[in-house]
Structure formats: C-alpha cells, structure tokens
Amino acid sequence: MTVVVSQLSGWHAEELSAAGTALRAASRELGVLAARVAAPELNRASWTGVAADAAAQHAAEARRRFDAMASVLDLSGLQLYAAARMLQISRLQLKVAVARAAGAGLAVAEDGTVDVPLMPAEDSAVGAVAAAAARQAALVQCADSASAVARAALAAAERADAAAAQALDSAGVVGAGLGASTQAWLALWAAELTGPGLQVLMGARLVPWKLGSLPARGTDPAVVASWWAGLSPADRDIAIRAHTHHVGALDGLPGEVRHRANLLALQAGIADAQAALTSRRAPLIEAVELVSRLKRFEAVACELAADPVRRRLLVLDDDGRLAAIAIGDVDTADHVAVVVPGLEQDVAEDMDAVVHNADRLAGTADAWLQRLAPKETFAAVAWLGYDTPSFATVASSREAVVGAAALRSTLRGLDVARAAVPAPRGAPGGELHLTVVGHSYGSLATGIALREPTGADDAVLIGSPGVDAQTAADLAVPVGHVYVGEAAGDTVADLAWFGRDPSSSGFAAAPLPVDGGVDPETGEPMRASRGHSEYFETGSESVRNIALVAVGESHRITSVSAR
C-alpha cells in the first residue's frame with residue numbers, strides 16, 4: 001500500500017513489537033510441546049500391534065508439524081520486530097523532515113512533497129530583486145531537503161508495512177493450520193505429559209518425559225558431558241528449547257549444541273531488549289542498560305552473520321557481557337586454539353577485533369595445514385569469556401583470577417566434549433590438540449588457568465606482563481611447550497608486573513620470534529611486529545609461528561639462533 005504522512009504519524013511501532021513478542025512466546029511454547037510429543041516411549045510390553053504403530057506414527061507426524069509451525073511463528077515474530085524497528089526509524093525521519101520544513105514556514109504534504117510559494121520582490125530595485133531571489137533559492141533548497149527525507153521515511157514505512165503484513169500472513173496460516181482436531185491433540189499432549197506417573201493416552205500406556213536435574217552452571221565439564229551423553233535425542237532437544245540460557249552456559253557440551261542454544265538466547269535477547277525499549281516504560285537508568293545490552297547482542301550477531309557457515313557462538317551470558325565465537329568446528333577439528341585478549345576489551349566495542357585476530361590466526365593455520373597436512377582441520381576461538389580490566393584496575397590480578405577459572409572450564413570442556421561427538425568417519429571425536437594463546441593481560445589469565453591441568457597441549461604468551469609464575473615449569477602443559485613472544489617497542493611485555501618476565505632466560509620458555517625476516521620454509525618475506533598490538537597481523541612472523549604451534553608443527557617455528 002502507499003503510505004502517506006498522516007498514516008505514518010498515527011502508526012505505533014509498539015504494537016508491532018508486542019505482536020512479535022506474542023508470536024515468539026507462542027513459538028517457544030509450541031516448540032517445547034513439539035519436543036515432548038516424541039519424547040515418551042510406548043511401553044510395547046503392554047501395547048503392541050497395528051494400533052500402537054499407528055499411534056507412534058501419529059505422534060511423529062504431529063511432532064514434525066508442530067516443529068514447522070514453531071519455526072514459522074518464530075520467524076514471523078522476528079519479522080515483526082524488524083518491521084517495528086524500521087517503522088520507528090521512519091517516524092523519526094518524518095519528524096525531522098516536518099521540523100526542517102516548519103523552520104522555513106513550509107509544510108510537508110501527504111505524499112512527502114514540500115511546495116514553495118513564490119516570494120516576489122518588495123520593489124523593482126536591483127537589490128530587492130536579488131534578495132528575493134536569494135530567499136527563494138534558500139526556501140527551495142530547504143524544501144528539497146525536507147522532501148527527500150520525508151519521501152525516504154514514507155518509502156521505508158511502506159517496506160515496514162509490507163514486511164509486517166507478510167509476517168502476520170505467515171502467522172495466520174499457522175493459526176489456521178491448528179484446526180480443531182489438531183488443537184485438541186496438542187491440548188491432550190500438554191495435559192498428559194505434565195501429569196505425574198504413568199499416563200494413559202488413547203489406550204496406550206506411556207512413560208512421561210522427565211529431564212531430571214540440570215547440572216548447575218559451573219559444574220565440572222566432565223560431569224556435564226556425562227549428563228548429556230545419558231539423554232535421548234528428544235530429551236536433548238527439549239533441554240535446548242526449554243533451558244536455552246542454561247544449556248548454552250554449560251562447559252562440556254559439544255560446541256554445536258552450545259551454538260544452537262546460545263543463538264536462540266541471542267535472538268531472544270535482541271528481541272526482548274528492542275521490545276522493552278520501544279515500550280517506553282523503562283526508567284532512564286534501565287533504558288541506558290537496555291541500550292548497552294542491545295549493542296552487545298548486536299555486536300555478537302554481526303560477527304556471526306559475517307560468516308554464518310564457519311562461526312559458532314560458544315559463550316553468551318545473559319546480558320551479553322561475555323561471549324566467545326569459534327571459527328571452525330571445535331567438535332571435530334584436529335587442532336583448536338583459544339585466543340584470550342587483554343586490557344579493556346568490551347563485547348560491544350571490541351568483539352570484532354577479538355574475532356578478527358582469531359580469524360587471521362585461523363587463516364594462517366589453515367594455509368599451513370593445506371601445505372603440511374591437508375586432511376587435518378583447525379578451529380580458533382575468540383574468547384571474551386571474562387570481564388577484562390580497565391586502566392584503573394589493570395594493576396590488579398582480580399579479573400585474571402576470575403577469568404582463569406572460566407578459561408580453565410572452557411578448555412576442559414572443549415577437551416571432554418569430543419567423546420560425545422561423532423567424527424566425520426562415524427567414530428567418536430578424535431584426540432584434540434589444544435593450544436591457548438594469551439595476549440597482554442590475557443596471558444595472566446592464561447597463566448593462572450594453566451596452574452592446573454586443562455587438557456591444553458601448548459601455551460603461547462605474547463606481550464605478557466607476567467603470568468603469576470616463576471618458570472614455565474609451573475604451567476600444566478608438556479615440558480617445552482610454553483612459547484613466549486615479545487615485539488620491539490612492547491613496553492607491557494617488559495613490566496614483569498605479575499611475576500618474572502616470561503621472556504627472560506630464567507623463566508625458561510621457548511622463544512617465539514616476531515621480528516620479521518624471510519620464511520625459511522617458503523622463502524616469502526615475513527612482517528615484523530611492533531608495539532603491543534601487532535602479533536596477529538597477516539603475513540607477520542608472529543602469526544606464522546603462533547599458527548605453527550597451534551597446528552602441532554612447533555618444530556617449524558623460526559629460530560632466533562639462526563639469525
């Protein structure tokens with residue numbers, strides 16, 4: 001439909017947001033029930049035969065139907081949120097256009113045009129004519145500008161209207177699909193599956209689905225992995241749908257499972273924050289936090305959207321303050337590296353930079369594997385799973401201690417989760433070669449985490465102000481597998497603020513050259529790293545050597561003595 005100014009002025013984005021909230025709530029409820037439809041198992045000892053087979057088939061068909069309906073409702077809800085946001089922006093644009101025109105004594109017509117009356121000269125004098133011409137030109141310029149903004153607002157509103165109509169049409173089809181018999185069937189399942197003990201449905205004795213106790217957040221990853229292994233596929237599906245945030249936070253689960261749960265949580269978080277902001281009921285302080293939360297969620301969503309095939313969301317806390325994105329498949333990759341950043345890294349402002357560093361490491365590692373071991377695979381994790389310190393608190397190890405506990409759990413989780421994940425050949429996931437790369441203050445969190453066994457095979461410390469250890473032997477990785485890189489001009493790496501300088505001879509770590517030169521393997525020039533922030537630059541000696549450690553080819557890193 002063609003939208004005019006009076007219509008746009010009277011439309012309310014809040015109503016679309018509310019409708020989106022309702023549709024997504026219905027989707028979640030329908031999804032949980034859909035999972036429960038197939039969760040019980042028929043007690044074939046008491047009921048077998050044609051009728052039992054027919055009932056089982058009916059349940060499976062209902063499950064597929066409800067799943068499809070839940071997906072459509074969820075998508076429709078998200079479309080309504082997007083339409084509401086577009087409509088909100090359109091109304092703001094229109095207000096700007098109206099104000100701009102009114103400032104010059106003009107008005108915006110229903111179609112967005114702004115007419116300019118002729119401004120005759122007060123007399124025939126040359127000066128008066130020139131002044132009138134100048135006024136006329138200024139009015140025309142103002143009118144053109146206001147009209148352009150108004151027309152853009154109306155065009156965007158038309159797109160929002162079309163998107164909302166499509167979303168509502170799709171939701172209406174789902175509603176129509178839930179005919180009387182289907183609604184009765186759904187209601188019956190809901191009633192039967194929430195009652196205690198054995199329930200009887202259509203003459204069949206069914207065992208009701210029971211998830212049992214979810215492991216608490218922070219539970220040992222091995223315990224989490226064992227719990228997950230004991231669930232049926234239907235139980236797992238229900239756990240993800242009904243306990244999205246909780247499942248996404250459990251170290252020890254396969255990365256793909258956590259991604260699925262965290263992606264649902266991310267979508268819900270964006271939608272809920274947008275709905276709360278458009279409701280205009282939130283107090284100012286709460287609104288500020290909602291805006292910050294939305295920025296964090298949107299930053300994570302943007303990074304995932306940049307490469308939806310390879311990127312997976314492994315960590316996302318309820319407020320979006322903590323996040324970790326994997327590049328590659330951590331469940332099946334032969335080699336995984338976890339990159340831990342340092343000072344003042346915020347999800348909203350810096351997630352892109354942290355992911356970019358991990359991405360450059362992954363690209364370099366993939367190139368070396370293609371050259372040296374084409375059948376092996378690599379994944380990198382951009383791990384912003386702790387509150388990094390500010391300049392005011394960086395002298396303290398407090399954030400590192402808290403971050404180390406979370407990092408230790410992450411590393412253990414990556415290691416133990418593989419047993420439950422089928423490898424491409426159908427066998428359980430192969431043994432993992434795990435590397436942790438700590439940069440700056442992140443190396444302190446890494447060092448503290450590695451005071452206990454984590455499953456890590458190699459540790460790379462770059463730009464490190466200390467790792468709360470006196471020697472490399474204090475870290476729980478194989479002897480000779482702690483590597484330290486320090487760039488020229490990196491003053492942070494010389495602080496030795498948190499224990500002995502890792503690059504000193506007394507620390508006894510293997511040096512990781514970063515000063516550039518010629519690659520002894522390929523003959524290609526290597527860039528030198530300078531200062532505190534160039535360790536992951538593409539083509540640098542630093543990222544080359546980190547990548548070779550991370551793919552298990554540490555014997556190929558460049559040698560200081562060879563120079």
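Which residue of strand 9 does L461 stand opposite? In this predicted model, L461 stands opposite V484 of strand 9. The pair belongs to the contact between strand 8 (residues 458-462) and strand 9 (residues 482-485), two parallel strands that are joined by four bridges.

These strands are part of an open sheet of eight strands with mixed pairing, in which the order is 3-4-6-5-7-8-9-10. The edges are occupied by strand 3 and strand 10 (510-511); each has a single partner strand, so one side of each is left without a neighbour in the sheet.

On its other pairing, strand 8 is joined to strand 7 by five bridges, and these two strands also run parallel. Here the bridge partner of G438 is L461. L461 is thus named in both pairings, with G438 as its bridge partner and with V484 opposite in strand 9. Between strand 7 and strand 8 the chain passes through helix 13, and the resulting β-α-β crossover is right-handed.

Strand 8 is mostly covered, with five of its five residues buried. In a regular strand the side chains alternate between the two faces of the sheet. In strand 8, D458, V460 and I462 point one way, whereas A459 and L461 point the other way, and all are buried. The connecting helix 13 (residues 441-449) is likewise mostly covered, as nine of its nine residues are buried. The buried residues of this helix are Y441, G442, S443, L444, A445, T446, G447, I448 and A449. Their cover includes strand 5, helix 12, strand 7 and strand 8.

Two further helices lie across strands of the sheet. Helix 12 (residues 398-417) lies across strand 5, strand 6 and strand 7 (433-439), and runs at about 170° to strand 5. Helix 11 lies across strand 3, strand 4, strand 5 (335-340) and strand 6 (378-384), with an angle of about 160° to strand 6.

The structure contains 18 salt bridges. Among them is the bridge between the side chains of R321 and E289, with an N to O distance of 3.4 Å. This pair links distant parts of the chain, since R321 lies in the loop between strand 3 (311-316) and strand 4 (323-327) and E289 in helix 10 (residues 284-306), 32 residues apart. R321 is partly exposed, with a relative accessible area of 39%, and E289 is also partly exposed, at 24%. Both residues belong to a network of salt bridges that links E289, R296 and R321.

Helix 10 also contributes K295, whose side chain meets that of E349 in a salt bridge of 3.2 Å, N to O. Because K295 lies in helix 10 and E349 in helix 11 (residues 347-372), the pair ties together parts that are 54 residues apart in sequence. K295 counts as partly exposed, at 41% relative accessibility.

A salt bridge between the side chains of R310 and D366, at 3.4 Å from N to O, also involves helix 11. R310 is located in the loop between helix 10 and strand 3 and D366 in helix 11, so this pair ties together parts that are 56 residues apart in sequence. R310 counts as partly exposed at 29% relative accessibility, and D366 counts as partly exposed at 29%.

Terms used
Residues are numbered from 1 along each chain as its sequence is written. This is a predicted model: local features need pLDDT of at least 70, side-chain atom pairs count only at pLDDT 80 or more; totals for chains, interfaces and linings use all residues. Side-chain values use heavy atoms; hydrogens and water are left out. A salt bridge is a side-chain nitrogen of Lys or Arg within 4 Å of a carboxyl oxygen of Asp or Glu. Buried means under 20% relative accessible area, exposed over 50%, partly exposed in between (1.4 Å probe, protein chains only). Two strands pair if DSSP finds at least two bridges between them. Contact means heavy atoms within 4.5 Å. Axes are lines fitted to C-alpha atoms, for helices over the stretch in contact, and angles run from 0 to 180 degrees between N-to-C directions. A crossover is right-handed if, with the strands pointing away from the viewer, the path from the first strand over the helix to the second runs clockwise.
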